[in-house]
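Here is a friendly tour of one protein chain, with the charged contacts and the nonpolar core as the main stops. Have the viewer ready and follow along.

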Amino acid sequence: MARRVHQPLEDQEFDFILSMTPGPVLAYFCGTWPKAVEGCRAMDAVVAELSQEYGTRFTAVRTDITRCPGPTRRYGVTGAPTAVLLKDGAAVASQAGPMTREEFREFLDAHL
C-alpha cells in the first residue's frame, strides 16, 4: 500500500513529519511563482504515480518553499522544483528541475 503525499503548512509540521516517518523521505520543494508552477505540477503527477508504484519504500513530502523556509535553507534548495531524498533527516541526494517519470525512477533507484 502506498503512503500519501504529505503537504506540511509550516516548518514545524515538516520537521514533525520527518521525525515520525520511518524510512526514506522524498521531499520535493515547489514554488507558487509563475515560472515554478508548471514544473511543480508536473512533479506532482510523477511523484503521485511513483509513490503508488514504490509503495512504502519512501514517503513523499511536497514542500512549499514559501511556507517552509527552514527546510528549504537547511537542504540548500535554491529553486523549484527540487527533489531531495532524506535518510534519517540527512540529505543523501538532490536534483533541481523537473524530471520525467524515467529520470525520477533513476534518481530513486540510485539512492533508495
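A residue counts as buried under 20% relative accessible area, as exposed over 50%, and as partly exposed in between. Arg101 has a relative accessibility of 26%, so Arg101 is partly exposed. Keep in mind that this is a predicted model.

**Salt bridges**

The structure holds five salt bridges. Three of them are set out here, with the distance taken between N and O atoms.

| Pair | N to O distance | Separation in sequence |
|---|---|---|
| Asp15 and Arg74 | 3.0 Å | 59 residues |
| Glu53 and Arg101 | 2.7 Å | 48 residues |
| Arg105 and Glu53 | 2.7 Å | 52 residues |

Let us take the pair of Asp15 and Arg74 to begin with. Asp15 sits in helix α1 and Arg74 in helix α3 (residues 69-74), so their contact ties together parts that are 59 residues apart in sequence. Asp15 is partly exposed, with a relative accessible area of 31%, and Arg74 is partly exposed too, at 43%.

Now move to Glu53 in helix α2, which forms a salt bridge with Arg101. That pair links distant parts of the chain, since Arg101 belongs to helix α4. Glu53 also meets Arg105 in a salt bridge, and Arg105 is likewise in helix α4. Glu53 has 41% relative accessibility and so counts as partly exposed, while Arg105, at 24%, is partly exposed as well. Which residues do salt bridges with shared partners join into one network? They are Glu49, Glu53, Arg101 and Arg105.

**A negative patch**

Glu102, Glu103, Glu106 and Asp109 gather on the surface in a patch of negative charge. Is Glu106 buried or exposed? With a relative accessible area of 56%, Glu106 is exposed. Its place in the fold is helix α4, which spans residues 101-111.

**The nonpolar core**

The largest nonpolar core has 32 residues, and those touching the most other members are Leu26, Tyr75, Ala83, Leu86, Phe104, Phe107 and Leu108. At least two residues of this core come from each of α1 (11-20), β1 (25-30), α2 (34-54), β2 (59-64), β3 (82-87) and α4. The most is given by α2, with seven residues.

**A last stop in helix α1**

Phe14 lies in helix α1, and its relative accessibility of 0% makes Phe14 buried. Phe14 and Thr63 are 49 residues apart in sequence, with their C-alpha atoms 7.9 Å apart in space.

Technical notes:
Residues are numbered from 1 along each chain as its sequence is written. This is a predicted model: local features need pLDDT of at least 70, side-chain atom pairs count only at pLDDT 80 or more; totals for chains, interfaces and linings use all residues. Side-chain values use heavy atoms; hydrogens and water are left out. Patches are made of residues with over 30% relative accessible area and no salt bridge: like charges are joined within 9 Å, nonpolar side chains (Val, Leu, Ile, Met, Phe, Trp, Tyr) within 5 Å. Accessible areas come from the Shrake-Rupley method with a 1.4 Å probe; for residues, only the protein chains shown count as cover. A salt bridge is a side-chain nitrogen of Lys or Arg within 4 Å of a carboxyl oxygen of Asp or Glu. Lys and Arg count as positive and Asp and Glu as negative; His and the chain ends are not counted. The place of a charge is taken as NZ of Lys, CZ of Arg, CG of Asp or CD of Glu. Helices (H or I, at least four residues) and strands (E, at least two) are DSSP runs, numbered from the N terminus. Buried means under 20% relative accessible area, exposed over 50%, partly exposed in between (1.4 Å probe, protein chains only). A nonpolar core is a set of buried Ala, Val, Leu, Ile, Met, Phe, Trp, Tyr and Cys residues joined through side-chain atoms within 4.5 Å.
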